[in-house]
Amino acid sequence: RDDDDINDVASMAGVNLNEESARILATNSDLVGAQIQSCKDEPFLAAVPLHKRILETAKKLGITDVPAEVVTFISHATQSRLRTVLEKVTVITQHRLESYKDDDWYEQATDVRAQLKFFEQLERLEKQRKDEQEREILLKAAKSRSRQEDPEQARLKQKAKEMQQQELAQMRQRDANLTALAAIGPRKKRKLDTPGLLSIGGEGVGVSGGSQAGLGTASPRQYPRQKITRVNLRDFIFYMEQEREMSHSLLLYRALLK
């Protein structure tokens, strides 16, 4: 027995296992026999309309009784499916909105916006050139003093007269605007960083401390803006095209027709 006690580390350390076990049980005695219950199972969909809809479908297949557990299971399955769809569509939307301009691994190959601006400038210059040519023709027709005028010449003279009146009216309007701006004077910029003032709804509201002698410098509080992911129909169409069970569905074709 003395030889067996050599391998008993707890006895060598002076620890009584029976006393330690009794002390542990006494400490956790309030937890012994306690009954732990889970939260109440709340269905995602309304139980009564869902049960009625399931019964209508089941009667077509010859089933007359559908227990409440089936309704709860279908409700949870709908919630899980909807969560999966929203997560995938959110990822698709975030990828669509992701910008690669500041990424060092990407290099811009073409600039469609610059190309469109160039074509718009070309159209503007072409229109300006045609207007100048038409203006020269009208001015020549207005200066002509031929005694025998054909109807076309009279029409050109009338059009030149209207054009001159329109240009004169535009010049008068421009002069009136410049005169009004000169009378008003230079516009003063509002001071945004005014100590002791908070801008609320476009009006300044004074903020004072505990006494009138000291005015506290109020700084606008920066609230973190919640990032909103806006999903459009194109994102849903892309999601349905990638899903195997929805890539040939009637819902996808209806979405493509919208």
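This report describes the helices, buried residues and salt bridges of one predicted protein model.

The model is predicted, so local features need pLDDT of at least 70 and side-chain atom pairs count only at pLDDT 80 or more, while totals for chains, interfaces and linings use all residues. Residues are numbered from 1 along each chain as its sequence is written, and side-chain values use heavy atoms, with hydrogens and water left out.

**Overall arrangement**

The protein contains 9 helices and 2 strands. Helices (H or I, at least four residues) and strands (E, at least two) are DSSP runs, numbered from the N terminus. Along the sequence, their order is α-α-α-α-α-α-α-β-β-α-α. Of the 258 residues in the protein, 11% are buried. Here buried means under 20% relative accessible area, exposed means over 50%, and partly exposed lies in between (1.4 Å probe, protein chains only). A contact is defined by heavy atoms within 4.5 Å. Among contacts with a separation of 6 or more, 41% are accounted for by residues 24 or more positions apart.

**Helix H5 and its neighbours**

The 30 residues of H5 should span 44 Å at 1.5 Å a residue, and this agrees with its end C-alpha atoms, which are 44 Å apart. The expected span is 1.5 Å times one less than the number of residues.

Helix H4 (residues 47–60) meets helix H5 (residues 68–97): their axes come within 10 Å and cross at roughly 105°. H4 is therefore roughly perpendicular to H5. Axes are lines fitted to C-alpha atoms, for helices over the stretch in contact, and angles run from 0 to 180 degrees between N-to-C directions. Angles under 35 degrees count as roughly parallel, over 145 as roughly antiparallel, 65 to 115 as roughly perpendicular and the rest as oblique. On the H4 side, Ala47, Leu50, His51 and Ile54 make the contact, and on the H5 side Val71, Ile74 and Ser75 do so.

Val71, Ser75, Val85, Val89, Ile92 and Thr93 are the buried residues of H5. Their cover includes H4 and helix H8 (233–242).

**Salt bridges**

The structure holds 7 salt bridges. A salt bridge is a side-chain nitrogen of Lys or Arg within 4 Å of a carboxyl oxygen of Asp or Glu. Three of them are listed below, with the N to O distance.

| Acidic or basic pair | N to O distance |
|---|---|
| Glu245 and Arg81 | 3.4 Å |
| Glu134 and Lys159 | 2.8 Å |
| Glu167 and Arg135 | 2.9 Å |

The pair Glu245 and Arg81 links distant parts of the chain, 164 residues apart: Glu245 is in the loop between H8 and helix H9 (250–257), and Arg81 is in helix H5. Glu245 counts as exposed because its relative accessibility is 51%, whereas Arg81, at 35%, counts as partly exposed.

The next pair joins two other helices. Glu134 lies in helix H6 (residues 112–143) and Lys159 in helix H7 (residues 151–184), so this salt bridge ties together parts that are 25 residues apart in sequence. Glu134 is partly exposed at 34%, and Lys159 is partly exposed at 36%.

Glu167 of helix H7 and Arg135 of helix H6 tie together parts that are 32 residues apart in sequence. Glu167 has a relative accessible area of 29% and is partly exposed; Arg135 is partly exposed at 31%.

Helix H7 also holds Gln164, which is partly exposed with a relative accessible area of 40%. The C-alpha atoms of Gln164 and Leu138 are separated by 9.8 Å, and the two residues are 26 residues apart along the chain.
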